[in-house]
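Got your viewer open? Load the model and get ready to click through a few stops.

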Amino acid sequence: MTSVSYRTPSAADLTALCRLGRATFIETFGDLYPPEDLEDFLHHTFGPPGMPNEFANPAYRFRIAESEGQMIGYCKLGPASLPAPEDGRQKIELRQLYVLKPWQGAGVAASLMNWAMGVAKSSKADDFYLSVFSENVRAQRFYSRYGFQEVGRFHYMVGKTADDERLWRLQLR
């Protein structure tokens, strides 16, 4: 494998970032959904109502991984949106962390997650939340290594399909 570099994306990267988001989601989960549910989700997540709006919002932070000038992975942090307890604690959320399959296991996800951990720890958040698809055991093992623990479950909608998601938390303070 060639070398990997990491950086904060600029507005000029947004189209490629949205394309990467679509590609990695399809690569990872695309076979789980009816085509109309998948397309609806992709439009709302990576189309105009989704990632472009988040990219323009300073409450969101992005990091990309590149090799030979091509994006191969990304990470997105943002404000809490998951069904976490209303307990008065400040929350930050790992919204997405995806890496193209040829780069999985090469340390790209770990580098992106290390960046996310640094941002979370330097924020005012008390807790760091994320969600993991119930059948994504590889991701569950990955997040466990960072100290996250499963604290609940909920249904995550992909179009009209309800996924069995697990809510994970890392207490920062």
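Here is a short tour, one selection at a time.

This is a predicted model, where local features need pLDDT of at least 70 and side-chain atom pairs count only at pLDDT 80 or more, while totals for chains, interfaces and linings use all residues. Residues are numbered from 1 along each chain as its sequence is written, and side-chain values use heavy atoms, with hydrogens and water left out.

Start by selecting residues 14-29, which make up helix α1 (helices are DSSP runs of H or I, at least four residues, numbered from the N terminus). Its 16 residues should span 22 Å at 1.5 Å a residue, and the end C-alpha atoms are indeed 22 Å apart (the expected span is 1.5 Å times one less than the number of residues).

Now colour Leu-14, Leu-17, Cys-18, Leu-20, Gly-21, Thr-24, Phe-25 and Phe-29: in α1, these are buried (under 20% relative accessible area; exposed is over 50%, with a 1.4 Å probe and protein chains only). They sit on the same side of α1, because they cover an arc of only 160° around the axis (taken from the directions from the helix axis to the C-beta atoms). Swing round to the other side of α1 and you'll find Thr-15 and Arg-19 exposed.

Next, hop to Pro-48, in the loop between α2 (35-46) and α3 (51-56). Is Pro-48 buried or exposed? At 58% relative accessibility, it counts as exposed. Add Cys-18 to the selection: its C-alpha atom is 9.5 Å from that of Pro-48, though the two are 30 residues apart along the chain.

Last stop: select Phe-25, Phe-29, Tyr-33, Phe-41, Tyr-74, Tyr-98, Phe-133 and Tyr-156, which form one aromatic cluster (rings of Phe, Tyr and Trp, using its six-membered ring, pair if their centres lie within 6.5 Å).

Key:
Helices (H or I, at least four residues) and strands (E, at least two) are DSSP runs, numbered from the N terminus. Rings of Phe, Tyr and Trp (its six-membered ring) pair if their centres lie within 6.5 Å; planes under 30 degrees apart count as stacked, over 60 as edge-to-face and the rest as tilted.
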